[in-house]
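Work through the following exercises on charged side-chain pairs with the sequence and the model at hand, and attempt each task before reading its solution.

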Amino acid sequence: MGRIILQFTKDWDKIRETNLLQFTKDWDKIRETNLLQFAEIGIEIRRNNLLQFTKDWDKIRRNNLLQFTKDWDKIRRNNLLQFAEIGIK
């Protein structure tokens, strides 16, 4: 009886070690795949964010240039008007 229990224990330990080893290998494979997937998603998110940032920045810059042009034209007209008024006096 003692030998059977001992053999069972040895076999069980061997099975458990094999299962743990297989689990570890599978887990490492899953983790590597997930890390790779995460990196790919991260790169895609970063690209999209940079693209969005560029689009937003271009929009802001265009709006600022447009506003600057409008303000500059207003200043220039006011200055020309002021100059004309001074010239008339």
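**Exercise 1.** Decide whether Asp-58 is buried, partly exposed or exposed, and find which side chain Asp-58 meets in a salt bridge.

*Solution.* In this predicted model, the relative accessibility of Asp-58 is 24%. Buried would require a value under 20% and exposed a value over 50%, so Asp-58 counts as partly exposed. The next step is to look for the partner, which is Arg-61, with N and O 2.8 Å apart in the salt bridge. Arg-61, at a relative accessible area of 42%, is partly exposed. Finally, because the two residues are three apart in helix α1, about one helical turn separates Asp-58 from Arg-61.

**Exercise 2.** Determine which residue forms a salt bridge with Asp-28, and where both partners lie.

*Solution.* The partner of Asp-28 is Arg-31, and their closest N and O atoms are 2.8 Å apart. Both residues belong to helix α1, where a spacing of three residues corresponds to about one turn. Turning to accessibility, Asp-28 has a value of 29% and counts as partly exposed, while Arg-31, with 42%, is partly exposed.

**Exercise 3.** Establish how far apart the closest N and O atoms of Asp-13 and Arg-16 are, and state how many salt bridges a search of the whole structure finds.

*Solution.* For Asp-13 and Arg-16 the separation is 2.9 Å, which meets the 4 Å cut-off for a salt bridge. Both lie in helix α1, which covers residues 2-88, and they are three residues apart. Asp-13 is partly exposed at 29%, and Arg-16 is partly exposed at 43%. The search of the whole structure finds four salt bridges.

Note on methods. Residues numbered from 1 in each chain as written. Predicted model: local features only at pLDDT ≥ 70, side-chain atom pairs only at ≥ 80, totals over all residues. Heavy atoms only, no water. Helix = DSSP H or I, 4+ residues; strand = E, 2+ residues; numbered from the N terminus. Buried < 20%, exposed > 50% of the residue type's maximum accessible area, 1.4 Å probe, protein only.
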